[in-house]
Every structure is written in structure tokens, then in C-alpha cells.
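Here are some exercises to work through with the model open beside you. Try each one before reading its solution.

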Amino acid sequence: MAEKTLDKLFYDTLKDIYYAERKILKSLPKMARGTDSTELRAAFEKHHQETEGQIERLQMVFELFGKRAQGKTCDAIEGILSEGEEILDAFKGEPAVDAGLIASAQAVEHYEIARYGTLKRWAEVLGMPEIAKLLDQTLQEEIKTDADLTKLADKVANQTALKAA
């Protein structure tokens, strides 16, 4: 039996985030349709395009790592996205829907930030600077998206949800 080493853990985690990104790509249009905010809809649409690029970048990482791009079921993202759908169903048309959508999107971003940060560090430890650079590019996009969502929440969504109370 082969030892379970850092390179195998890296590959396993890479498959996990690849699956997650593809699931996220499918969920973003539903989130965009669920908001009444033009700004939030635009943010979800922008992130949809970014996610397409992130998937392409992951495919490059797989190639550089010498493996075929494939995903493995990510229970964490399944749960986070399921909670987001529950919020959308429960609050659709209500004043707090956008605050809920932003919170759900940020849960996704925080998961991605954790994964990409770890993968980047492991790539560095494994002596794969080109892969680390690609992963860092995605990590920086996810950090920016999270910050942008916070700004949208502070600007309108949280106040709208609060006023209705």
C-alpha cells in the first residue's frame, strides 16, 4: 500500500476544490436571480465569470501536477450551498434576502480562501512555484470577492434587512 504523503493530500484537496468550483459555478446564476439588488446581481455575475477562469486555472494546475483534472464530491461545499438555497427559499421577496444571500456567498468565499491558502502553501512546500503562483492568483480573487461582498452588505443589504425589523 502506498504511503499517504503531502503530494497525495495535495492532489486529493485539489480534486475537492475542483468539484467545489464547478458546483459554485452552477449555483451563482440562481443566486443572481434571487436578489432584487442590481449591484448584488452584478457581483454574482462577475464572480460567475471569475469562477470560469478559476476552473480553467485549476485545469492548468492539474496539468502541471501531471494529473488529469477531476473532482471528488466535496461534502463541505454541498452543505454550504444547500444552506444558501434554504436561505433563498425562506427569505425570497423579503427585506433580508440580500443580507442572507451575501452571508451565504461569504461562507462559500471563506471555504475557498481556506482551501486555496492551504493548497498554495503545500505547493510551495512541495517545490512547485508555478502551481503556487496560479493558486495564489485565485486566492487573491477570492479575498477580493469576500471584501466586495462585505462592502455590498454594509452599503445596503444589512440596513435594508434591519429597517424592516
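**Exercise 1: a salt bridge inside one helix**

Asp148 and Lys144 join their side chains in a salt bridge, 2.8 Å from N to O. A salt bridge here is a side-chain nitrogen of Lys or Arg within 4 Å of a carboxyl oxygen of Asp or Glu. The model is a predicted one: local features need pLDDT of at least 70, side-chain atom pairs count only at pLDDT 80 or more, and totals for chains, interfaces and linings use all residues. Residues are numbered from 1 along each chain as its sequence is written, and side-chain values use heavy atoms, with hydrogens and water left out.

Task: work out where Asp148 and Lys144 lie.

Solution. Step one: find the element. Both residues sit in helix 5, 4 residues apart, or about one turn of the helix. (Helices, H or I with at least four residues, and strands, E with at least two, are DSSP runs numbered from the N terminus.) Step two: check the surface. Buried means under 20% relative accessible area, exposed over 50%, and partly exposed in between, with a 1.4 Å probe and protein chains only. Asp148 is partly exposed because its relative accessibility is 24%, and Lys144 is partly exposed too, at 44%.

**Exercise 2: salt bridges across the chain**

Task: how many salt bridges does the structure hold, and which residue does Arg115 pair with?

Solution. Start with the total: there are 9 salt bridges. Next, look up Arg115: its partner is Asp16, with the closest N and O atoms 3.3 Å apart. That pair links distant parts of the chain, as Arg115 is in helix 4 and Asp16 in helix 1, 99 residues apart. Now compare burial: Asp16 counts as buried because its relative accessibility is 8%, while Arg115, at 28%, is partly exposed.

One further salt bridge joins Asp12 and Lys72 at 3.1 Å, N to O. Here Asp12 is in helix 1 and Lys72 in the loop between helix 2 and helix 3, 60 residues apart.

**Exercise 3: rings that pair up**

Task: describe how the rings of Phe10 and Phe65 are arranged.

Solution. First, the rule: rings of Phe, Tyr and Trp (its six-membered ring) pair if their centres lie within 6.5 Å; planes under 30 degrees apart count as stacked, over 60 as edge-to-face and the rest as tilted. That rule yields 4 aromatic pairs. Phe10 and Phe65 make a tilted one, with 5.1 Å between centres and 55° between planes. Phe10 is in helix 1 (residues 6–34) and Phe65 in helix 2 (residues 38–65), 55 residues apart.

Then try Tyr11 and Phe62: their pair is edge-to-face, at 6.2 Å centre to centre and 85° between the planes. Since Tyr11 lies in helix 1 and Phe62 in helix 2, the pair ties together parts 51 residues apart in sequence. Both of these residues are buried. Finally, put the rings together: Phe10, Tyr11, Tyr18, Phe62 and Phe65 form one aromatic cluster.

**Exercise 4: the nonpolar core**

Task: which helix gives the largest share of the largest nonpolar core?

Solution. Begin with the term: a nonpolar core is a set of buried Ala, Val, Leu, Ile, Met, Phe, Trp, Tyr and Cys residues joined through side-chain atoms within 4.5 Å. The largest one has 43 residues, and those touching the most other members include Phe10, Leu14 and Phe44. Helices 1, 2, 3 (75–91), 4 (97–125) and 5 (129–163) each give two or more residues. The answer is helix 1, with 11 residues.
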